[in-house]
Amino acid sequence: MLFVIATPIGHLGDISSRALEALSSSDAILCEDTRRSAILLDRYGIKKKLVSYHQFKERQLLEQILAQLEGGATLALISDAGTPCINDPGLILIQACIERSLPFTPIPGPCSVIQALVLSGFATERFQFIGFLPRKPKEMLRQVLCYPGTTVAFESPQRLMDTLEAVDEIDPKRQVAVAREMTKTFEECRRGTPKELMAHFKEHPPKGEIVLSFALGKIPEDKMPLDELIEMLQELHGLSLKEAIKQAARLQGVPKSSVYKQVHSRHETF
Ligand code: SAM
């Protein structure tokens, strides 16, 4: 049996009793940084064999781990913080377990993505998580600012100001939430326009771990022509044509009927 266990993203108290039971009942614990995981396990008096399992070892150790599971061992997989597989090792092992019909179960718990989304106060009915933010402004526009819902992404403190500046150039009114050091002593969530946030972080240089959330905003037509926007909403974000037209109208701040008319008249000219 493989337990895929979420562990705290800061506050060591954020671990479920089921997670602790699973860790205690495992023959060995696969983890990224053994020293870091030892701190959590020591806190709960769990003494188990720790096996270093970071992204560069995922494939190398796979057969060995699968053989142990096939032999009836109970193993636990944890990452340095949060939920394994979310920008952390785990997926390769889970896919191999599915392929070989080996039992595994995730034990839910902290995840910085969901924590930041809730902390942001932005709409939650449609959201995407995209890992670390793209560096190119064009990709930032396509992947993040044109997304018809809330976007959650990881960011480093060193890049935060550049990112805010890039957003400011495209959509200065966009609401952004910077969640920092969540669940830790200096947890902070600042919400505001890119300019407001830049002014704050200029005075208080950001430190620690950061997750950014971007609320829905507006994309003027000079930044993204209507045709391109509709096509992208369909291809990149998987919307139907009808939904893409509705979202494009909202993103460009124009009535839906006028977007329908434009699309229709363009099709008629073919
Ligand atoms: N698997 C993890 C999870 O479920 O949260 C994410 C791992 S990813 C490699 C590490 C990134 O998560 C950091 O760069 C940071 O953006 C974010 N992160 C993790 N813990 C955080 C915290 N306490 N506060 C803010 N961001 C955090």
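The chain is divided into three parts: domain 1 (2-110), domain 2 (113-214) and domain 3 (221-263). The model is a predicted one. Between the centres of domain 1 and domain 3, taken over C-alpha atoms, the separation is 43 Å.

**Nonpolar cores**

The largest nonpolar core has 34 residues. Those with the most contacts inside it are L145, L212, F214, I219, L229 and I230. Elements that give two or more residues to this core include the helices α6 (137-145), α7 (160-170) and α8 (194-203). The strands β8 (176-180) and β10 (210-214) do so too. Further along the chain, α9 (226-235), α10 (241-252) and α11 (256-268) complete the list. The core draws on two domains: at least three residues come from domain 2 (113-214), and at least three from domain 3 (221-263). In general, nonpolar side chains of soluble globular proteins tend to be buried together.

L229 shows what such a core residue touches. Leaving aside neighbours within four places in sequence, L229 is in contact with C146, M224, A248, L251 and Q252.

A second, separate core has 19 residues. Among them are A28, L61, A73 and A96.

**L62 and its contacts**

L62 sits in helix α3 (residues 62-70). Its relative accessible area is 13%. The cut-off for buried is under 20%, so L62 counts as buried. Beyond four places in sequence, L62 is in contact with I92, L93 and A96. A96 also belongs to the second core. L62 and L93 are 31 residues apart in sequence, yet their C-alpha atoms are 6.7 Å apart in space.

**S120**

S120 has its place in helix α5 (residues 112-120). Is this residue buried or exposed? S120 is buried, at 2% relative accessibility. Residues up to four places away in sequence are not counted here; beyond them, S120 touches A177, C189, R191 and S213.

**Aromatic pairs**

The model has two aromatic pairs. In one of them, F129 and F154 meet edge-to-face. Their ring centres are 5.1 Å apart, with 65° between the planes. F129 lies in strand β6 (residues 127-132) and F154 in strand β7 (residues 150-155), so this pair ties together parts that are 25 residues apart in sequence. The two rings differ in exposure: F129 is partly exposed, at 29% relative accessibility, whereas F154 is buried, at 10%. Ring pairs link F129, F132 and F154 into a cluster.

**The ligand site**

There are 17 residues around the ligand. Which of them come nearest? They are T83, I86, D88, S112 and I210. The table lists polar distances to the ligand for three residues, A81, D88 and I210.

| Residue | Protein atom | Ligand atom | Distance |
|---|---|---|---|
| A81 | polar backbone atom | nitrogen | 3.4 Å |
| D88 | side-chain N or O | nitrogen | 2.8 Å |
| I210 | backbone N or O | oxygen | 2.6 Å |

A81 and I210 use backbone atoms, whereas D88 uses a side-chain atom. A81 and D88 each face a ligand nitrogen. I210 pairs with a ligand oxygen.

Methods. Residues are numbered from 1 along each chain as its sequence is written. This is a predicted model: local features need pLDDT of at least 70, side-chain atom pairs count only at pLDDT 80 or more; totals for chains, interfaces and linings use all residues. Side-chain values use heavy atoms; hydrogens and water are left out. Rings of Phe, Tyr and Trp (its six-membered ring) pair if their centres lie within 6.5 Å; planes under 30 degrees apart count as stacked, over 60 as edge-to-face and the rest as tilted. Helices (H or I, at least four residues) and strands (E, at least two) are DSSP runs, numbered from the N terminus. Buried means under 20% relative accessible area, exposed over 50%, partly exposed in between (1.4 Å probe, protein chains only). A nonpolar core is a set of buried Ala, Val, Leu, Ile, Met, Phe, Trp, Tyr and Cys residues joined through side-chain atoms within 4.5 Å. Domain bounds come from an automatic or database domain assignment. Contact means heavy atoms within 4.5 Å. A residue is near a molecule or strand if one of its heavy atoms lies within 4 Å of it. A polar contact is a pair of N or O atoms within 3.5 Å; within protein, one must be able to donate a hydrogen and the other to accept it, and residues adjacent in sequence count only if both atoms are side-chain atoms.
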